[in-house]
Amino acid sequence: MTFEPTLIVELAILGLGTGFLAGLLGIGGGMMMVPFITIILAGRGVSPNLAVKMAIATSMATILFTSLSSVRAHHKRGAVRWDLVRGLAPGIILGGAVASLGVFALLKGSWLALLFAAFVGFSATQMFLDRKPKPTRQVPGTGGLVGAGGVIGFLSGLVGAGGGFVSVPFMTWCNVAIHNAVATSAALGFPIALANVVGYVISGQSVQNLPLYSFGYIWLPALGVIASCSVLTAPLGARAAHTLPVKQLKRVFASILYLLAAYMLYRGLISL
């Protein structure tokens with residue numbers, strides 16, 4: 001596979017866009033990256049099943065960098081709930097390790113694509129509905145946070161997203177203010193990505209027919225370009241999250257997510 005200038009431009013645009021969204025909405029950008037990286041890899045001769053797996057793993061690896069860049073901007077505004085980060089992180093690491101080391105390697109790429117479509121569709125619907133929680137509901141105790149973190153880490157590991165599609169709705173359901181939920185989700189992106197990336201590298205070592213410059217399931221050229229660009233725009237998105245009408249923006253983004261979910265559903269069905 002050649003690494004031509006057109007590919008660099010495609011990956012750079014993808015990185016700039018997903019970095020901004022990571023800061024704005026508290027998502028790691030995976031919901032945008034996975035479909036587009038799948039298209040890029042499949043268009044360059046990678047088998048459909050392998051393309052989906054590599055897109056998920058590469059997307060998650062970029063979140064290591066996007067999260068750090070985004071959370072710095074949120075932390076400066078005092079928006080990150082570090083108590084929630086500490087409570088959720090242990091479960092996230094455990095859930096991510098189970099997903100990336102075990103389930104991810106066993107499932108076909110087509111089934112992962114279908115799972116991705118389902119969870120992205122669910123996330124988009126949650127954005128549209130914007131349901132308000134009961135005013136008396138509170139953040140659960142230590143056990144509840146560890147359990148919630150396990151679910152977030154596990155689902156993120158299967159679909160290559162930073163967990164914001166689950167963690168932001170969970171926190172707002174617990175009456176955490178939306179700006180705090182977005183900022184805290186950005187901080188959670190790092191432990192989610194770290195646990196899963198280690199698993200993707202280990203589980204991908206024995207895979208055949210990987211494209212050049214792959215490290216396990218991670219495609220290093222895409223990681224380098226996307227991460228370099230996303231860290232530039234993540235702080236801009238974080239600043240915008242505190243000034244722009246996030247509710248309206250979330251609905252626009254949800255519409256885009258429905259289209260991406262439909263594409264991944266199509267990829268999954270034709271690969272079964």
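Helices and strands here are DSSP runs, a helix having at least four residues and a strand at least two, numbered from the N terminus. By that count Asn209 sits in the loop between α8 and β1, and β1 covers 214–215. The model is a predicted one.

Stay with Asn209. Its phi is positive, about 65°, although the residue is not a glycine. Most residues other than glycine have a negative phi. Asn209 is exposed, because its relative accessible area is 74% and the cut-off for exposed is over 50%.

Asn175 also has a positive phi of about 65°, and it is not a glycine either. This asparagine is found in the loop between α7 (164–173) and α8. Asn175 counts as partly exposed, at 33% relative accessibility. Partly exposed is the band between under 20% and over 50%.

Now turn to the salt bridges. How many does the structure hold? It holds two. One joins Glu10 to Arg44, with the closest N and O atoms 3.8 Å apart. This pair links distant parts of the chain, 34 residues apart. Glu10 belongs to helix α1 (residues 5–25). Arg44 belongs to the loop between α2 (30–42) and α3. Glu10 is partly exposed at 34% relative accessibility, and Arg44 is partly exposed at 26%.

Arg81 and Asp83 form a salt bridge too. Here the closest N and O atoms are 2.9 Å apart. Arg81 has a relative accessible area of 29%, so it is partly exposed. Asp83 is partly exposed as well, with a value of 38%.

Next, look for charge on the surface. Which residues gather in a patch of positive charge? They are Arg72, Lys76, Arg77 and Arg239. Take Arg77 as a way in. Arg77 is found in the loop between α3 (48–76) and α4 (82–106). Its relative accessible area is 46%, which means partly exposed. A residue needs over 30% relative accessible area and no salt bridge to join a patch. Arg77 passes the area cut-off at 46%.

The surface also carries a nonpolar patch. Leu101, Leu194, Val198 and Ile202 make it, and its area is about 350 Å². Which helix gives the largest share of the nonpolar patch? Helix α8 (residues 178–203) does, with three residues. Val198 is found in helix α8. Val198 is partly exposed, with a relative accessible area of 43%. That value clears the over 30% needed for a patch.

What about the cysteines? A search of the whole structure finds zero disulfides. A disulfide would need a pair of cysteine sulfur atoms within 2.5 Å. Cys174 is buried, because its relative accessible area is 3% and buried means under 20%. Cys229 is buried too, at 14%.

Some helix residues remain to be placed. Is Val120 buried or exposed? Val120 counts as buried, at 2% relative accessibility. Val120 is found in helix α5 (residues 109–129). From Val120 to Thr184 the distance is 20 Å, C-alpha to C-alpha. Along the sequence these two are 64 residues apart.

Ala241 lies in helix α9 (residues 220–241). It counts as buried, with 2% relative accessibility. Ala241 and Thr58 are 183 residues apart along the chain. Their C-alpha atoms are separated by 26 Å.

Val146 has its place in helix α6 (residues 142–159). At 34% relative accessibility, Val146 counts as partly exposed. Between Val146 and Thr172 lie 17 Å in space, C-alpha to C-alpha. In sequence the two are 26 residues apart.

To retrace the route on the model, begin at Asn209 in the loop between α8 and β1. Go on to Asn175, in the loop between α7 and α8. Then find the salt bridge of Glu10 with Arg44 and that of Arg81 with Asp83. Move to the positive patch, with Arg77 among its residues. Cross to the nonpolar patch, where Val198 is one of the members. End with the buried residues, including Cys174, Cys229, Val120 and Ala241.

Conventions
Residues are numbered from 1 along each chain as its sequence is written. This is a predicted model: local features need pLDDT of at least 70, side-chain atom pairs count only at pLDDT 80 or more; totals for chains, interfaces and linings use all residues. Side-chain values use heavy atoms; hydrogens and water are left out. Patches are made of residues with over 30% relative accessible area and no salt bridge: like charges are joined within 9 Å, nonpolar side chains (Val, Leu, Ile, Met, Phe, Trp, Tyr) within 5 Å. Accessible areas come from the Shrake-Rupley method with a 1.4 Å probe; for residues, only the protein chains shown count as cover. A salt bridge is a side-chain nitrogen of Lys or Arg within 4 Å of a carboxyl oxygen of Asp or Glu. Lys and Arg count as positive and Asp and Glu as negative; His and the chain ends are not counted. The place of a charge is taken as NZ of Lys, CZ of Arg, CG of Asp or CD of Glu. Buried means under 20% relative accessible area, exposed over 50%, partly exposed in between (1.4 Å probe, protein chains only).
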